[in-house]
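User: I am new to reading protein models and would like a close look at a single part, explained slowly. Could you choose one helix and follow it into its surroundings?

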Amino acid sequence: MSSIQITLPDGSVQLVAAGIRPIDIARNISPRLADAAIAAKVNSETVDLDRPIDADATVQILTAKDPAALEVYRHSTAHLLALAVQELFPGTRLGIGPPIDTGFYYDFERTTPFSPDDLEKIEAKMWEIQARDLKYERVMSPKLEGLEKYRKMGEHMKVELIEERAGDIFSEYTLGPTFIDFCRGPHLASTAKIKAFKLLSVAGAYWKGDEKRQQLQRIYGTAFFTKKDLAEYLVNLEEAKKRDHRKLGKELDLFSIQELAGPGLIFFHPKGGTVRKILEDWMRDQYIARGYSLVYTPHIARADLWKTSGHYNFYAENMFKRMELDDAEYQLRPMNCPFHILIYRDKMHSYRELPIRLGELGTVYRYERSGVMHGLLRVRGFTQDDAHIFCTPQQIEDEVVNCLQFAIDTLSTYGFDKYEAELSTWDNGKSGKYDGTPEQWALAEGALKKATDRLNLTVKVMPDEAAFYGPKIDMKLVDAIGRLWQLSTVQFDFTLPRRFGLEYIAEDGKAHQPLMVHRALYGSLERFFGILLEHYAGAYPMWLAPVQATVLPITDRQLEYARGVKQKLADAGLRVIIDDRSEKVNLKIREAQLQKIPYMLVVGDREEQSGQVSVRNRKHGDQGAKSVEDFLATAKKLIDSKAISE
């Protein structure tokens, strides 16, 4: 029997017989490792523990400590769900069932909708099957035979997937004597390995996400290695529901989506408009302070512009339909970058003028499918804090450092002290989907990496995840309950400067093509607004709160004094209201608490006589009586320092 070399993560090399399985390697290392093993990574591919290894390889045994192992675990739980559904509801057709960041789902085609009671029955059936200790077994099938088998089973969606994705021989996974699924895997050894899961909800979904195809029912669930981890997740899930920005937006009267106007279009109400203005003003002030020039550009342009930029062909499905006007076809803009490029191109520039930083809070429009829109987080019309930097190769590293520092400062200002960074590279262009020369990619990726090193920023490299026109750095913030949100992006672009023929006159007197960086820090105002709303559960810091204080007269006798207090605070720049209803003060306090107003200033006869206010904080309760001037000094300090907590 032939031998092969196995290299382990510690660098040790073993000579073993060809056909050895990862589980055998784990047993040779230690029984404890074999018991904890979930799957294996052979070279760069995650595989089943019993998959034979027939060539020299680097092998890593994956346990619960490895993120890739959780994907395998959840994928296996999705198959367990599918078997439970088919046992309970014969004739249900299978779509797809992948692992996702929060758990897993499986799409089913069934005439009768699943009910909440059905979810309970399905989950109970899953535990019953789990206890049977059924094996996940990989089967290889010829494509033609497999197609015929799935046709006889009536699994038309699987037939379609096999026709599109399968090679001459493809893999399937069985689970017990009755279940088989077209699947690449890998999977656990058996259902007994699954220790903690929960079905969460049912939602509608279209086959392949195409609203013109049949509608399916998607069952969502989650799974963890331990019941403790599952319990913690479910607690956080309940907390996330309380923080849902759509719920808070309605309760706090911040924004709405109007059916008559259409989905994915946001209406900011007066209080929401106040918060948005603060976000906009802060960002514009930062632009000016950091050497950006503010520009304003149209929301629509001739289709020829989008042909030049490449969006007409490569981004067409995300753009609204073209409209015929007097002289040409026009389209709503999905991006701001071509407009900033036209401003740059309007005249020739010298190297002495560079870098040129053009910034705009520009509204764009993208055609999002109805099934993916989600409150403020996924919309059809949104405003980006967009900027484009045109610079020389010698300037690029400093410009990227400045962009990243700007992103960090933005996160810090709004109270986010935890974040992660990802560097998306072209992985030497192996996939063949990238524009630009190797020299350009080396320059760009090198500048991004050096910039992160200069800032001591820990970066996770994401091979083959770059945009086709250049590498990028994504900043992801961690919110109050530990969720990760994609936010800021710093993006290189080789393509648009070439497409638009951008130039500058260099020191040698010749025309050269500038380097271009796309940069957005909020991402979009709508999305950032929603993230902030959920992060603070609606209780914005004092400087961001749409209403910073409310004056609460105890009786009508104090109305005149209360109005004077309100006016004094308003004249000093506070956003203050007065609740002059003839209601009990406890009711007014309770409603102000529900509206998450930072300070409640109660005034009765005693306060009027002493020229004071009784201060109540939404979080800390009664703060005692203070003069209006003392309260104002406290409030101004919180606002001017942009304090996160009172």
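Analyst: What follows is a walk along one helix and into the core to which it contributes. The model is a predicted one, and the part chosen here is helix α13, which covers residues 396-413. With 18 residues at 1.5 Å a residue, α13 should span 26 Å, and because its end C-alpha atoms are indeed 26 Å apart, the expected and the computed length agree.

Many positions along this helix are buried, including Ile396, Val400, Val401, Leu404, Phe406, Ile408 and Leu411; the buried residues of α13 also include Glu399, Thr410 and Thr413. Just after the helix comes glycine 415, which takes a positive phi of about 90°.

From here we can turn to the core. The largest nonpolar core has 88 residues, and those that touch the most other members are Leu279, Tyr414, Phe529, Leu532, Tyr540, Leu569 and Phe631. It is α13 that gives the most to this core, with nine residues. Apart from this core lies another, of 34 residues, with Leu83, Met126, Leu175 and Phe197 among them.

To see what one well-connected member of the largest core touches, take tyrosine 540: leaving aside residues up to four places away in sequence, its contacts are Leu254, Val275, Phe529, Leu532, Leu533, Ala545, Pro546, Arg618 and Glu646. Two of these partners, Phe529 and Leu532, are themselves listed with Tyr540 among the core residues that touch the most other members.

Methods: Residues are numbered from 1 along each chain as its sequence is written. This is a predicted model: local features need pLDDT of at least 70, side-chain atom pairs count only at pLDDT 80 or more; totals for chains, interfaces and linings use all residues. Side-chain values use heavy atoms; hydrogens and water are left out. Helices (H or I, at least four residues) and strands (E, at least two) are DSSP runs, numbered from the N terminus. The expected span of a helix is 1.5 Å times one less than its number of residues. Buried means under 20% relative accessible area, exposed over 50%, partly exposed in between (1.4 Å probe, protein chains only). A nonpolar core is a set of buried Ala, Val, Leu, Ile, Met, Phe, Trp, Tyr and Cys residues joined through side-chain atoms within 4.5 Å. Contact means heavy atoms within 4.5 Å.
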